[in-house]
Structures are given as C-alpha cells and as structure tokens.
Amino acid sequence: QVQLVESGGGLVQPGGSLRLSCAGSGFTLDGYAIGWFRQAPGKEREGVSCISSSDGSTYYKDSVKGRFTISRDNAKNTVYLQMNSLKPEDTAVYYCAADRPAVTVQTMCVNVRPLLWGRGTQVTVSS
C-alpha cells in the first residue's frame, strides 16, 4: 500500500524544538518532491517547506525561514522537518505530501495540490 506516515509531533513549550519524520511506504520518496504542510483550526492548509527530488533545492514559508530545516535520508526513505525556536503560532496539524518530480518546490508549497497526503501529526506549542 502506497502511503506517507508522519511522526514526531507533540506538545512543546515556546522556544523548544521538534523533529517531524515522514516515512514512505510502498514507494521510494527520492523519486518525488516532498513537502510539509500545516493546518491550524479555522485556517486553510498552507505549505511550510518543500524539497525537490533531484537537486535538493528547498522552499520555506517566510515565517519559518531560519527556524525550520527540511532534509532527506534516502537510505531510510524518510524526509524530516527540524523545527527550532517554535512559537505558539506554529501550532497546527502537520502533513507530509508527495508530488511529481517535475514540480518546482515553490509551486508545490504554494499551490497545495500534491499527489499524495499523509494523515498528519499534531504539533502544539504552548506553555
């Protein structure tokens, strides 16, 4: 079965860190652009960070630049999102997604219409 499985969410205090993982099952992630998206209550789903399948190029939403880092580990068939200096406004359900390799990372993150979604993992930033 082809699917994406997220893990690593949880409750963290402001200023803390979390690392989200997106594991591929039934297919290899390195053939696809992979992105992290989030959706807060009452808000639309938005692209947070995306990474290409080919040259490793990345895209970050302005509000997370310098705090979040996306990376791939092809040997583990996993993509990570390292989140540092977390803020209450980062609270959301975070989703992993896969898209065609020809899609640019900016297009993937801005258009929010990937081929495959994971089920999401909750991130709550609160004191």
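**Exercise 1. Arg67 and its surroundings**

Task: Classify Arg67 as buried or exposed, then find its partners.

Solution. Arg67 is buried, because its relative accessible area is 9%. The cut-offs: buried means under 20% relative accessible area, exposed over 50%, and partly exposed in between, with a 1.4 Å probe and protein chains only. This is a predicted model: local features need pLDDT of at least 70, side-chain atom pairs count only at pLDDT 80 or more, and totals for chains, interfaces and linings use all residues. Residues are numbered from 1 along each chain as its sequence is written, and side-chain values use heavy atoms, with hydrogens and water left out.

Next, place the residue. Arg67 sits in the loop between strand E6 (58-60) and E7. Strands (E, at least two residues) and helices (H or I, at least four) are DSSP runs numbered from the N terminus.

Then list the contacts, meaning heavy atoms within 4.5 Å. Not counting residues up to four places away in sequence, Arg67 touches Gln82, Met83, Asn84, Ser85, Leu86, Lys87 and Asp90.

Last, look for a polar contact. That is a pair of N or O atoms within 3.5 Å; within protein, one must be able to donate a hydrogen and the other to accept it, and residues adjacent in sequence count only if both atoms are side-chain atoms. The side chains of Arg67 and Asp90 make one at 2.8 Å.

**Exercise 2. Strand E8 and its two partners**

Task: Work out which strands E3 and E7 pair with, and how many bridges each pairing has.

Solution. Two strands pair if DSSP finds at least two bridges between them. Start with E3 (residues 18-25). Six bridges join E3 to E8, and the two run antiparallel. Ala23 has Thr78 of E8 as its bridge partner.

Now take E7 (residues 68-73). E7 also pairs with E8 in the antiparallel sense, over six bridges. Here Arg72 stands opposite Val79 of E8. E7 and E8 form a hairpin with four residues between the strands, and Asn77 takes a positive phi near 55°.

Finish with burial. Strand E8 (residues 78-83) has five of its six residues buried, so it is largely enclosed by the rest of the structure.

**Exercise 3. Strand E4**

Task: How many residues of strand E4 are buried, and which strands does E4 pair with?

Solution. Count first. Strand E4 (residues 33-39) is mostly covered, with six of its seven residues buried. Trp36 lies in E4. Trp36 counts as buried, at 0% relative accessibility.

Pair next. E4 and E9 run antiparallel and share seven bridges. Gln39 is matched with Val93 of E9. E4 and E5 (residues 46-51) are also antiparallel, joined by five bridges. Gly35 stands opposite Cys50 of E5.

Then check the turn. Six residues lie between E4 and E5 in their hairpin, and Gly42 there has a positive phi of about 75°.

**Exercise 4. Two threonines**

Task: Find which backbone atoms the side chain of Thr91 reaches, and which backbone nitrogen lies by that of Thr121.

Solution. Take Thr91. It is in the loop between E8 and strand E9 (92-99). Thr91 is partly exposed, with a relative accessible area of 22%. Its side chain reaches the backbone oxygen of Pro88 at 2.9 Å. A polar atom of the Thr91 side chain also lies 2.9 Å from the backbone nitrogen of Val125. Beyond four places in sequence, Thr91 contacts Ala40, Gln122, Val123, Thr124 and Val125.

Now Thr121, in strand E11 (residues 121-125). Thr121 is buried, at 11% relative accessible area. A polar atom of its side chain lies 3.3 Å from the backbone nitrogen of Gly9. Contacts of Thr121 beyond four places in sequence include Glu6, Leu20 and Tyr94.

**Exercise 5. The largest pocket**

Task: Describe the lining of the largest pocket.

Solution. Begin with the volume: about 160 Å³ of space lies in the largest pocket. Of its 13 lining residues, Arg38, Ala40, Lys43, Glu46 and Glu89 are the closest to the centre. On a 1 Å grid over the protein atoms alone, a pocket is an open set of points where a 1.4 Å probe fits, with protein on both sides within 12 Å along at least five of seven lines; lining residues have an atom within 4 Å of a point. The volume is the space filled by probe spheres set on the points, which are joined across faces, edges and corners.

Then sort the lining. Two residues are nonpolar, three polar and eight charged. Asp, Glu, Lys and Arg count as charged; Ala, Val, Leu, Ile, Met, Phe, Trp, Tyr, Cys and Pro as nonpolar; the others, Gly among them, as polar.
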